[in-house]
Amino acid sequence: MKAYTEYWTFHTEKRREIVHITDRVEEVVRKSGVKEGFVLVSAMHITAGVYVNDLEEGLIEDIWEWLEKLAPYRPDYRHHRTGEDNGDAHLKSLLIHHQVVVPITGGKLDLGPWQRIFYAEFDGQRPKRVLVKVIGE
Ligand code: ZN
């Protein structure tokens, strides 16, 4: 069995941003040499996430609207008693989830026709890490 790991750092310009990362993940799979296995893409933070869905601008707007409705930015979260102001970012991360596992078949990401991988930043403008681990043979 082979294992290959990369750590990426994102430093988004905006506090909230969705970044399409499918091509970068595909490149890691290629470098790993794994033909049959899995790749784990995992945000190493509690205010970011990784998800699989459609690369479509309207949908990305809809996702932001949905996240903002369920976990709005507001000043009165209990978490803010710690001096932080990112209560909404923690909740948004829970909604999106922090990691995905994608199958690898024939040396390629075995995604459905419309499935793409995204990094979702909810409290950026500072360095944030993502772990990419390929396992297989
Ligand atoms: Zn916090």
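## Histidine 90 and the zinc site

Histidine 90 has a relative accessibility of 19%, so it counts as buried, the limit being under 20%. The model in which this residue sits is predicted.

Histidine 90 belongs to helix 3. Leaving aside residues up to four places away in sequence, its contacts are Ile46, Thr47, His79 and Glu84. With histidine 79 there is also a polar contact between the two side chains, at 3.0 Å.

**The metal site**

Both histidines take part in binding a zinc ion, which is coordinated by His79 through NE2, Glu84 through OE, Asn86 through OD1 and His90 through NE2. The distances run from 2.0 to 2.4 Å. Along the sequence, these donor residues follow the spacing H-x4-E-x1-N-x3-H. The two histidines link distant parts of the chain: histidine 79 lies in the loop between helix 2 (57-70) and helix 3 (87-96), while histidine 90 lies in helix 3, 11 residues apart.

What angles do the four donor atoms subtend around the zinc ion? They range from 80 to 154°, and the arrangement is therefore irregular. A tetrahedral site would need all angles between 85 and 135 degrees. For four tetrahedral donors the ideal angle is 109.5 degrees.

The two histidines of the site can be set side by side by their accessibility.

| Residue | Relative accessibility | Class |
|---|---|---|
| Histidine 79 | 27% | partly exposed |
| Histidine 90 | 19% | buried |

**The chain as a whole**

Three helices and eight strands make up the secondary structure of the chain. Starting at the N terminus, the order of elements is β-β-α-β-β-α-α-β-β-β-β. The radius of gyration is 16 Å, close to the 14 Å given by the globule rule for 137 residues, so the chain is as compact as a globular protein of that length. Taken along the principal axes, the box filled by the C-alpha atoms is roughly 50 × 30 × 20 Å.

How much of the chain is buried? Buried residues account for 42% of the 137 residues. The exposed surface of the chain comes to about 7900 Å², and carbon and sulfur atoms supply 53% of this area.

Contacts in the chain can also be sorted by separation in sequence. Of those with a separation of 6 or more, 82% are between residues 24 or more positions apart.

Conventions
Residues are numbered from 1 along each chain as its sequence is written. This is a predicted model: local features need pLDDT of at least 70, side-chain atom pairs count only at pLDDT 80 or more; totals for chains, interfaces and linings use all residues. Side-chain values use heavy atoms; hydrogens and water are left out. Donors are N, O and S atoms within 2.8 Å of the metal (3.2 Å for Na, K and Ca); water is not among the atoms, so sites may look incomplete. Four donors count as tetrahedral if all angles lie between 85 and 135 degrees; four count as square planar and six as octahedral if opposite donors are over 155 degrees apart and all others between 65 and 115; anything else is irregular. Helices (H or I, at least four residues) and strands (E, at least two) are DSSP runs, numbered from the N terminus. Buried means under 20% relative accessible area, exposed over 50%, partly exposed in between (1.4 Å probe, protein chains only). The radius of gyration is taken over C-alpha atoms; the globule rule is 2.2 Å times the number of residues to the power 0.38. Contact means heavy atoms within 4.5 Å. Accessible areas come from the Shrake-Rupley method with a 1.4 Å probe; for residues, only the protein chains shown count as cover. A polar contact is a pair of N or O atoms within 3.5 Å; within protein, one must be able to donate a hydrogen and the other to accept it, and residues adjacent in sequence count only if both atoms are side-chain atoms.
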